[in-house]
Amino acid sequence: MCGIVGYIGWQDAAPVLLKGLKRLEYRGYDSAGIALLNGALSVMKQKGSVGGLEKDTEALRANLPGATVGIGHTRWATHGEPSDCNAHPHLNEAGDIAIIHNGIVENYSALKQELVSEGYLFLSETDSEVLVHLIDRIWKREPSLDLESVTRSALRHVEGAYGLCVISSREPDKIVVARKGSPLVIGIGVGEFFIASDAAPIVEHTNKVVYLSDGELAVVTREGYSVKTIENIEQEKIVTELDFSLEKIEKGGFEHFMLKEIFEQPAVMHDVMRGRVRLDEGQIHLGGIVDYLDRLKHAKRIVICACGTSWHAALIGEYLIEEFARIPVEVDYASEFRYRNPIVGVDDVVILISQSGETADTLAALRTAREKGALVMGICNVVGSTIARETLCGMYTHAGPEIGVASTKAFTAQVIMLYMLALALSKGRTISNDEIAIHLKELSSIPEKASRILELDSQIKTIAERFKDAKNFLYLGRGYNFPVALEGALKLKEISYIHAEGYPAAEMKHGPIALIDEDMPVIIIATRDNTYSKILSNIEEVRSRKGRVIAIANDGDQEISRLAEDVIYIPQASGPITPLLAVIPLQLLAYHIATLRGCNVDRPRNLAKSVTVE
Ligand code: G6P
């Protein structure tokens with residue numbers, strides 16, 4: 001997804017911008033560019049990596065020593081293919097205004113027609129380019145206005161979403177930025193300011209940031225920043241301290257971010273529960289929802305909306321909340337919920353789950369639910385993200401920055417969060433304090449059990465070596481392990497590009513069984529719970545059709561080793577806890593298969609970490 005960086009201060013801007021863009025690489029992109037201001041404006045942009053851009057900017061920088069103002073962008077194509085022309089920044093015809101833009105200008109086609117009829121020449125196929133020409137047009141008509149005012153006027157014509165940075169050689173000592181639906185953060189240094197679409201490029205320079213809200217426009221100079229609404233009303237902004245360090249967003253000795261994040265899970269599990277699970281008191285304390293707990297407990301229905309991996313966590317949440325709190329739960333893809341005129345009202349609670357807190361569909365589902373009067377609650381990882389800010393109440397998963405595009409630690413953190421929520425909703429209603437204490441004890445044992453699974457890494461790699469050339473995989477699970485089967489299949493397809501499907505094991509006989517032959521590896525989660533004997537029958541069904549079974553089973557299960565070609569043993573845990581453990585070998589298996597196939601696991605093709613457009 002597109003990334004934005006901006007710099008104004010005393011340092012040479014180009015290296016700051018290029019380094020910032022590298023920090024945003026994890027978001028996924030197809031082209032990159034920067035604009036530097038030093039008397040005149042110079043732009044360098046191209047299809048391909050930031051590394052490539054860095055090499056090619058050497059000449060540009062030689063011509064522009066000491067540019068201390070600039071903007072940079074990584075683009076993920078929406079309108080117009082990835083190409084040098086379509087990369088940002090975009091310039092006006094005179095070459096004295098440059099913009100970079102995240103989001104989509106929905107009425108761009110009408111605006112473009114208007115501008116073209118007035119003689120404006122477009123060099124790209126992007127929606128974004130209309131922004132620079134709009135600004136130019138207004139400035140030509142009213143030359144006495146300043147950059148801030150012309151940007152503000154231009155944005156009044158724009159429908160859609162934007163995170164926007166504008167610089168101009170006519171007013172060389174400022175950057176004008178604006179936000180609507182696409183995040184922007186200003187980092188506050190000493191005599192210098194940083195702008196970015198998330199905190200990753202900023203954190204190495206300063207931990208003091210200001211998050212712009214939707215509908216705000218800021219002017220950033222070397223001396224400070226001022227924030228107003230698009231309607232020109234001054235805004236007081238709160239300076240927030242970032243709570244993660246640069247070290248946390250680097251690979252920490254692992255070959256890939258994804259592997260690092262898989263291995264971080266035991267620590268993350270501790271972090272999610274810290275201060276919330278109070279083992280000695282047998283209590284759960286969820287500070288972010290404490291004021292709304294009563295309303296939550298009396299909800300007529302809970303609807304959970306999410307996308308991708310977060311949607312799989314939501315499915316486990318459905319099982320947990322219904323089992324413990326006995327409140328009906330519905331899980332919806334956020335993209336479906338927003339367009340199907342859902343029946344939700346004031347008695348309902350809508351929970352939005354999102355690692356990034358910026359997923360466009362999930363954000364739209366939030367707004368739909370809020371308009372319909374539901375209590376909206378968020379479960380997000382990124383602090384200060386839009387979903388976190390627009391929900392009435394919520395909880396952060398505290399999993400730390402997740403850089404690998406395929407989500408791993410955020411998933412386990414979300415499931416623990418939902419587990420704690422289910423228990424909090426049950427307390428005093430559907431389950432006794434003693435039972436809650438038992439659950440808490442089991443939850444507290446999870447990080448240690450997860451660490452033991454991580455020790456199986458080399459065994460899992462050996463299995464991956466044998467199966468890496470398979471063309472298809474089937475993942476089966478029942479009950480709490482059905483969403484884990486979906487998540488295992490998603491991980492594999494995301495990063496290895498092998499076709500994989502997850503199914504509830506009992507559904508196999510209604511279709512997928514037709515696919516099974518000696519070339520089909522079938523991963524079956526066969527932990528000892530109330531469906532154990534049924535899943536053994538499913539294994540037999542696969543075996544009798546020559547399918548190759550890889551089972552995830554509990555320690556000490558001898559029977560499984562007789563039935564499966566490979567068994568990955570995980571520690572015993574109760575049914576609701578099992579997903580937290582069973583998913584780890586599936587993450588590792590996907591990781592090893594993908595790396596053995598030479599895939600870029602941290603930045604898989606066509607995928608983005610944070611999908612901030614529809
Ligand atoms: C993208 C990512 C997935 C993620 C999904 C939802 O597709 O590649 O890993 O699960 O978005 O993201 P969210 O940030 O809302 O959890």
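Where does Asn 606 lie relative to α20 (578-596)? Asn 606 is found in the segment after that helix. This is a predicted model. Asn 606 is one of several residues picked out below, after a look at the ligand site.

**The ligand site**

The shell around the ligand holds 14 residues. Ser 310, Ser 354, Gln 355, Ser 356 and Thr 359 come nearest. By class, the shell has eight polar, four nonpolar and two charged residues. Which helix gives the largest share of this shell? Helix α9, residues 308-325, supplies that share with three residues.

Three residues place a polar atom close to an oxygen atom of the ligand. The table lists them.

| Residue | Atom on the protein side | Distance to a ligand oxygen atom |
|---|---|---|
| Ser 354 | polar side-chain atom | 2.6 Å |
| Gln 355 | backbone N or O atom | 2.7 Å |
| Ala 608 | polar backbone atom | 2.9 Å |

Ser 354 uses its side chain here. Gln 355 and Ala 608 use their backbones. On its own, the ligand has 390 Å² of accessible area, and the protein covers 91% of that. The ligand takes up the space of the second largest pocket.

**Backbone geometry**

Most residues other than glycine have a negative phi, and most peptide bonds are trans. Three places in this model depart from that pattern.

Asn 606 has a positive phi of about 65°, yet it is not a glycine. Is Asn 606 buried or exposed? Asn 606 is exposed, because its relative accessible area is 67% and the cut-off for exposed is over 50%.

Tyr 497 also has a positive phi, near 65°, and is likewise not a glycine. Tyr 497 sits in the loop between α17 (481-496) and β23 (499-504). Its relative accessibility is 27%, so Tyr 497 counts as partly exposed.

The third case is a peptide bond. The link from His 88 to Pro 89 is cis, with omega near 0°. Pro 89 belongs to the loop between β4 (69-75) and β5 (90-91).

**Buried residues**

Which residue does the side chain of Asp 566 contact? The partner is Arg 466: the two side chains make a polar contact at 2.3 Å. Asp 566 lies in strand β26, which spans residues 566-570. Asp 566 counts as buried because its relative accessible area is 11%, and buried means under 20%.

Glu 487 is found in helix α17. Its relative accessible area is 0%, so Glu 487 is buried. Along the chain, Glu 487 and Ala 399 are 88 residues apart. Their C-alpha atoms are separated by 18 Å.

Val 176 has its place in strand β8, residues 171-180. With 0% relative accessibility, Val 176 counts as buried. How far apart in space are Val 176 and Glu 261? The C-alpha to C-alpha distance is 36 Å, and the sequence separation is 85 residues.

**Recap**

The ligand occupies the second largest pocket. Ser 354 meets a ligand oxygen atom through a polar side-chain atom, while Ala 608 does so through a polar backbone atom. Away from the ligand description, Asp 566 contacts Arg 466 side chain to side chain. For backbone checks, look at Tyr 497 with its positive phi, Asn 606 with its positive phi, and the cis bond from His 88 to Pro 89.

Terms used: Residues are numbered from 1 along each chain as its sequence is written. This is a predicted model: local features need pLDDT of at least 70, side-chain atom pairs count only at pLDDT 80 or more; totals for chains, interfaces and linings use all residues. Side-chain values use heavy atoms; hydrogens and water are left out. A residue is near a molecule or strand if one of its heavy atoms lies within 4 Å of it. A polar contact is a pair of N or O atoms within 3.5 Å; within protein, one must be able to donate a hydrogen and the other to accept it, and residues adjacent in sequence count only if both atoms are side-chain atoms. Accessible areas come from the Shrake-Rupley method with a 1.4 Å probe; for residues, only the protein chains shown count as cover. On a 1 Å grid over the protein atoms alone, a cavity is a set of points where a 1.4 Å probe fits but cannot get out, and a pocket is an open set with protein on both sides within 12 Å along at least five of seven lines; lining residues have an atom within 4 Å of a point. A molecule sits in a cavity or pocket if more than half of its atoms lie within 2 Å of its grid points. Helices (H or I, at least four residues) and strands (E, at least two) are DSSP runs, numbered from the N terminus. Ala, Val, Leu, Ile, Met, Phe, Trp, Tyr, Cys and Pro count as nonpolar, Asp, Glu, Lys and Arg as charged, and the others, Gly among them, as polar. Buried means under 20% relative accessible area, exposed over 50%, partly exposed in between (1.4 Å probe, protein chains only).
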